[in-house]
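Here is a friendly walk through this structure, one point at a time. Keep the picture beside you as you read.

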Amino acid sequence: MANVTFTSPRMKKDLTVYAVAGDTKTLLAVAKAHAIPLDFECENGECGSCSVQVGILSDKAPYGVALTEKEKTVLRFAGKITAQQIEDAETKDMPPPWRLACQFVVRNEDILVTF
Ligand code: FES
């Protein structure tokens, strides 16, 4: 089970929800299930409107490092991640600072989502 904490100036207070391990829902699906006011449009990794900052809160090795090809393209185009950060994610398991909520799959780790 993972704690997913959402924080935003658009919310009255931070909200922590529990994602069931093995559920493999996207972060956007978790947000929608809990009425988190996260922006989204295409839900297919193409528009970039669901960009969020994801911080790993647990001290274990991060699970959700893999970026989809769509994330790489959209986040690079938006200037939210660099080629070096993509390479670091792929070769050193270093999580990039920004993700697309519709592409990021919630794993069994605690994360802080800022939008
Ligand atoms: Fe369009 Fe996620 S909703 S990229």
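**Notes on the model**

1. Let's begin with the outside. The accessible surface of the protein is about 6,400 Å², and carbon and sulfur atoms account for 52% of that surface. Accessible areas come from the Shrake-Rupley method with a 1.4 Å probe, and for residues only the protein chains shown count as cover.

2. A word on the source. This is a predicted model, in which local features need pLDDT of at least 70 and side-chain atom pairs count only at pLDDT 80 or more, while totals for chains, interfaces and linings use all residues. Residues are numbered from 1 along each chain as its sequence is written, and side-chain values use heavy atoms, with hydrogens and water left out.

3. Now the overall size. Along the principal axes, the C-alpha atoms fill a box of roughly 35 × 30 × 25 Å. The radius of gyration, taken over C-alpha atoms, is compared with a globule rule of 2.2 Å times the number of residues to the power 0.38. For 115 residues a compact globule would have a radius near 13 Å, and the protein agrees because its own value is 13 Å.

4. Next, the elements. Three helices and five strands make up the list, and from the N terminus on they run β-β-α-β-α-α-β-β. Both kinds are DSSP runs numbered from the N terminus: helices are H or I with at least four residues, strands are E with at least two.

5. Have a look at strand 1 (residues 2–7). Five of its six residues are buried, so the rest of the structure largely encloses this strand. Buried means under 20% relative accessible area, exposed means over 50%, and partly exposed lies in between (1.4 Å probe, protein chains only). Across the protein, 40% of the 115 residues count as buried.

6. Which strands pair with strand 1? Strand 2 (residues 15–19) does so in the antiparallel sense over five bridges, and strand 5 (residues 111–114) in the parallel sense over four bridges. Two strands pair if DSSP finds at least two bridges between them. Phe-6 is a good residue to find here: its bridge partner is Leu-15 in strand 2 and Val-113 in strand 5.

7. Finally, try Asp-88, which sits in helix 3 (residues 83–92). Is Asp-88 buried or exposed? Asp-88 is buried, because its relative accessible area is 12%. Leaving aside neighbours within four places in sequence, Asp-88 is in contact (heavy atoms within 4.5 Å) with Asp-93 and Met-94.
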